[in-house]
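Colleague: I have the chain open and would like to go through it with you, starting with a single residue. Could you take my questions as they come?

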Amino acid sequence: MKKALIATVALLPGVALAHTGHEVSGFISGLAHPVGGADHLLAMLAVGLWAARLGGRALWLVPLAFVATMLLGNLLALSGVSLVFTEQGIGLSVVVLGLLLAFAARFVTHVCMAIAGSFALFHGLAHGAEMPLNTSGFSYAAGFTLATLALHLAGMLVGKIGVEARAALFSRVAGGAIALTGMAMVVA
């Protein structure tokens, strides 16, 4: 019976892939991290959508503030710093960013940068804490930074396309959907 169980498990192709520490590439792992979870994905798209809605200097400064602070959070995590409520902070980022879109919130650019940056710290802490073993921290960070920038850009492009086609309604509906999803994630 024991040999049959071992043989069955050995034949399952996904079992070998489930182990951490055997990553082929830190860069690929980093690229996959932000798009692998709805929380990171929605927050990063929301930052891009919000930046597009804000326009002007905020179009680039808000996403860049997010990325810079996310990298700081990653460095803190790799240095051994952790926050008890990191996952809750990430969930809250989805809710708040979605609500900011839904209510078409507008603040001066520096306030918007501070809001995005404060949530990015939690995302960076999570990225650093979840880095696979035996992975280059630099290549992993390069991967999740590129993925984050791509998600911000996707949100910005969709937001700019929406500007041409009833952006206010689109941003509000998208923001409401993001906020509701975030609330469901926080409750779960």
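Colleague: Is Ser93 buried or exposed?

Modeller: In this predicted model, Ser93 counts as buried, because its relative accessibility is 0% and the cut-off for buried is under 20%. Ser93 is found in helix α6.

Colleague: And what does the side chain of Ser93 reach?

Modeller: The side chain of Ser93 reaches the backbone oxygen of Ile90, at 2.5 Å.

Colleague: Which residues is Ser93 in contact with, leaving aside neighbours within four places in sequence?

Modeller: With those neighbours set aside, Ser93 is in contact with Ala43, Gly98, Phe119 and His123. Phe119 and His123 also belong to the α7 side of the place where α6 and α7 meet.

Colleague: Then let's look at that pair: at what angle do α6 and α7 pack, and how far apart are their axes?

Modeller: Helix α6, residues 86-102, and helix α7, residues 109-129, pack at an angle of about 145°, and their axes are 9 Å apart. The crossing in which α6 passes α7 is left-handed.

Colleague: Which residues meet there?

Modeller: From α6 come Thr86, Glu87, Gly89, Ile90, Leu92, Ser93, Val96, Leu97 and Leu100, and they meet Ile115, Phe119, Phe122, His123, Leu125 and Ala126 from α7. By class, the residues of this contact divide into 10 nonpolar, four polar and one charged.

Colleague: What sits in the loop between α6 and α7?

Modeller: One residue placed in that loop is Ala104, which has a positive phi of about 50° although it is not a glycine. Ala104 is buried, because its relative accessible area is 17% and buried means under 20%.

Colleague: Where is Asn134, and what is its phi?

Modeller: Asn134 is found in the loop between α7 and α8, the latter being 137-164, and although Asn134 is not a glycine, its phi is positive, at about 60°. Asn134 counts as exposed, because its relative accessibility is 72% and exposed means over 50%.

Colleague: Back to α7, then. How does α5 pack with it?

Modeller: Helix α5, residues 58-78, and α7 pack at an angle of about 35°, with axes 6 Å apart, and their crossing is right-handed. The contact of α5 with α7 has 17 nonpolar and nine polar residues, and no charged ones.

Colleague: There's an asparagine in α5, Asn74. Buried or exposed?

Modeller: Asn74, in helix α5, is buried, because its relative accessible area is 3%, against a cut-off of under 20%.

Colleague: What is Asn74 in contact with?

Modeller: Leaving aside neighbours within four places in sequence, Asn74 is in contact with Gly124, Leu125, His127, Gly128, Ala141 and Phe144. Leu125 is also one of the α7 residues that meet α6.

Colleague: Changing topic to α8, what does Leu151 touch?

Modeller: Leu151, which is found in helix α8, touches Pro34, Val35, Leu41, Met44 and Leu45, not counting residues up to four places away in sequence. Leu151 and Val47 are 104 residues apart in sequence, and from C-alpha to C-alpha they are 8.8 Å apart in space. Leu151 counts as buried, with a relative accessibility of 9%.

Colleague: And Ala179, where is that?

Modeller: Ala179 lies in helix α9, residues 167-187, and is buried, with a relative accessible area of 2%.

Colleague: Which residues does Ala179 contact, again leaving aside neighbours within four places in sequence?

Modeller: Those contacts of Ala179 are with Val94, Val95, Gly98 and Leu99. Ala179 and Gly91 are 88 residues apart in sequence, with a C-alpha to C-alpha distance of 9.5 Å in space. Gly98 is in contact with Ala179 and is also in contact with Ser93, where we began.

Colleague: Now the whole chain: how many helices and strands are there?

Modeller: The protein has nine helices and zero strands, and 44% of its 188 residues count as buried.

Colleague: What share of the contacts comes from residues 24 or more positions apart?

Modeller: Among contacts in the protein with a separation of 6 or more, residues 24 or more positions apart account for 86%.

Colleague: Last one, what does the protein expose?

Modeller: The protein exposes about 10000 Å², and carbon and sulfur atoms supply 74% of that area.

Technical notes
Residues are numbered from 1 along each chain as its sequence is written. This is a predicted model: local features need pLDDT of at least 70, side-chain atom pairs count only at pLDDT 80 or more; totals for chains, interfaces and linings use all residues. Side-chain values use heavy atoms; hydrogens and water are left out. Axes are lines fitted to C-alpha atoms, for helices over the stretch in contact, and angles run from 0 to 180 degrees between N-to-C directions. Helices (H or I, at least four residues) and strands (E, at least two) are DSSP runs, numbered from the N terminus. A crossing is left-handed if the near helix is turned anticlockwise from the far one by less than a right angle, and right-handed if clockwise. Contact means heavy atoms within 4.5 Å. Ala, Val, Leu, Ile, Met, Phe, Trp, Tyr, Cys and Pro count as nonpolar, Asp, Glu, Lys and Arg as charged, and the others, Gly among them, as polar. Buried means under 20% relative accessible area, exposed over 50%, partly exposed in between (1.4 Å probe, protein chains only). Accessible areas come from the Shrake-Rupley method with a 1.4 Å probe; for residues, only the protein chains shown count as cover. A polar contact is a pair of N or O atoms within 3.5 Å; within protein, one must be able to donate a hydrogen and the other to accept it, and residues adjacent in sequence count only if both atoms are side-chain atoms.
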